[in-house]
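Me: Please take a close look at one part of this model, the largest cavity and the sheet that helps to line it, and describe how the pieces fit together.

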Amino acid sequence: MTADLFSTAIAADFAERAISPRRELGAYEALWAQDGAWFASIAEGFRTHPGSVPSDFVSKPDIEKYARLALGAIRDADIKHFGIRVHGAGEYPEKLRDADHPVELLYFQGLWDLVNTPSVALVGTREPTEDGKARAAKLARLLVADGYTIASGLARGIDTIAHTTAIAEGGFTIAVLGTPITECYPKENFKLQQKIADEHLLVSQVPIVRYSRQHVRANRYFFPERNVTMSALTEATVIVEAGETSGTLVQARHALKQKRKLFILESCFQNPALTWPATFEKQGAIRVADYNDIKRHLAPAHSTANAAD
Amino acid sequence: MQQIDETTVGQHFDLETSDHCFYVWEYTAGQRYDFSQTNQLISNLKIKPSQIAATPRRGHYKQQAIAHCAAALRSLIQQSWIEQVGTFVPMPSSKIPGHQDYDDRIHRILNSAFAGFNADIRPLLEQTVNTAADHESSERMSYDELRAITRINPVAAALPSRANIALVDDVLNSGKHFKVAQDLLSLRFPGVPIVGIFVSRCVRVNPFAAGAGAPAP
């Protein structure tokens, strides 16, 4: 009996559902390589076939082909350690199911269990004002001091300040990427991305092969989608500063939809050019003057989960 | 249950790609017991009998951990496999019976998991001398050293095994204990496929980073 046949027989026999990460990531990449595949269409496939995993929908040769391509790209990117989480296997975070089109598979690097720590997403514009920068840093510092993990999207501006402040303050941080783990955007955050991958947690739902095959214009649609997942992974989102058309507002919308707390800083309301703060406030967002207003609405973090402990 | 495959086998240095190992959760090395649910679980599972003798309430935590692992194994392994296909072999304690820290926790997990089933649970392996538990020792035994002090229990091995053997342990680390047990069992039961079932696999986040293994700041 060949090793592969043996493996299949054992796996089929022995466990109700033995998940092979290689098989599932190959299948996930293959699903994404299909014409027109997007978060909604893939999630719909799983919704109509409850209990399925990616490999239930893909032929073995395709699984093999895409597993090789994806793992090859991971090797080429010099990634020494990574993991995946699959819906239906151990350690998949059930809170992701609160998203509109929950992802069935995630790539990650670093300390996976940070997803189980009390966490708050700090997000905002890529071009913050000096005041905005100072507010982001202050909030990150105070949240870390109270034991929260800081999630953000590794973008320029507020995101970068959120991550770097959390690290500088001895806290933990989670970066939810809008690129595959094999890419870095913006390039200037390469070292930060590596540090987070090595000592904190980096998460990406973006398929490696599909991303590598399509134009950068098409790939930018992955960025707002990661905000949906970031919101689902955290218990609250704070919008520090954002323009009328900012991608950050995607996260605001989905935070409310997912029944997560959404905090909007008073300074956003004071800006006469912005209409979104009032709109989201009507829908349930919490207007906050200072950190104490945020803290009041959050469940206390366990001090033992804090890196500073 | 997840399978060790190309994406993970390299983190368990003694395993080969042809090995069939499965695990339920991931234990994070270099972090405290309270870093994650699995770290807490494994820490409670490894409470020593001597620690329980000193502080009896700790026995309660160990028992809870055993029950938790048992429930997971029961829910993840098919009944037909439990009752007809598999012979379950607990990894032996690093102490021999009679030692104050002889710990049959894996055997207890299996007994609890498959209570009421017609399961073949057999402690086929034993150590011939007491050793420090690998996870507590700075100088870990080599494969050859471990193999030299591990043997088949002739009484338990008197009957043939079922069609497959499942070696069961709480943490898959390098895979050395699995490989020693696999080697000994395949000599005693030639041709019987052997799988490894682990409550957790040990994850080192970045084994290549300077200072890896140190707790987070």
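Reply: What follows starts with the cavity and then turns to the sheet in chain B. The model is predicted, and the structure holds four cavities of 30 Å³ or more, the largest of which has a volume of about 250 Å³. Its lining is made up of 25 residues, and those that lie nearest the centre are F82(A), G83(A), F108(A), E26(B) and R201(B). Sorted by class, this lining of the largest cavity comprises 10 nonpolar, nine polar and six charged residues. At least two lining residues come from each of α2 (21-33), β1 (83-86) and β2 (105-110) of chain A, and likewise from each of β2 and β8 of chain B.

The two strands of chain B deserve a closer description. Strand β2 (residues 20-28) and strand β8 (residues 194-203) of chain B run parallel and are joined by eight bridges, and within this pair E26(B) stands opposite R201(B) in β8(B); both E26(B) and R201(B) are among the residues nearest the centre of the largest cavity.

These strands belong to an open sheet of six strands in chain B, ordered β1-β2-β8-β7-β3-β4, with mixed pairing. Because β1 (2-3) and β4 (120-121) of chain B stand at the edges with a single partner strand each, one side of each is left without a neighbour in the sheet. Across β2, β7 (164-172) and β8 of chain B lies helix α3 (residues 58-76) of chain B, which runs at about 140 degrees to β2(B).

Notes:
Residues are numbered from 1 along each chain as its sequence is written. Chains are lettered from A and ligands numbered from 1 in the order in which they are written. This is a predicted model: local features need pLDDT of at least 70, side-chain atom pairs count only at pLDDT 80 or more; totals for chains, interfaces and linings use all residues. Side-chain values use heavy atoms; hydrogens and water are left out. Two strands pair if DSSP finds at least two bridges between them. Helices (H or I, at least four residues) and strands (E, at least two) are DSSP runs, numbered from the N terminus. Contact means heavy atoms within 4.5 Å. Axes are lines fitted to C-alpha atoms, for helices over the stretch in contact, and angles run from 0 to 180 degrees between N-to-C directions. On a 1 Å grid over the protein atoms alone, a cavity is a set of points where a 1.4 Å probe fits but cannot get out, and a pocket is an open set with protein on both sides within 12 Å along at least five of seven lines; lining residues have an atom within 4 Å of a point. Grid points are joined across faces, edges and corners, and a volume is the space filled by probe spheres set on the points. Ala, Val, Leu, Ile, Met, Phe, Trp, Tyr, Cys and Pro count as nonpolar, Asp, Glu, Lys and Arg as charged, and the others, Gly among them, as polar.
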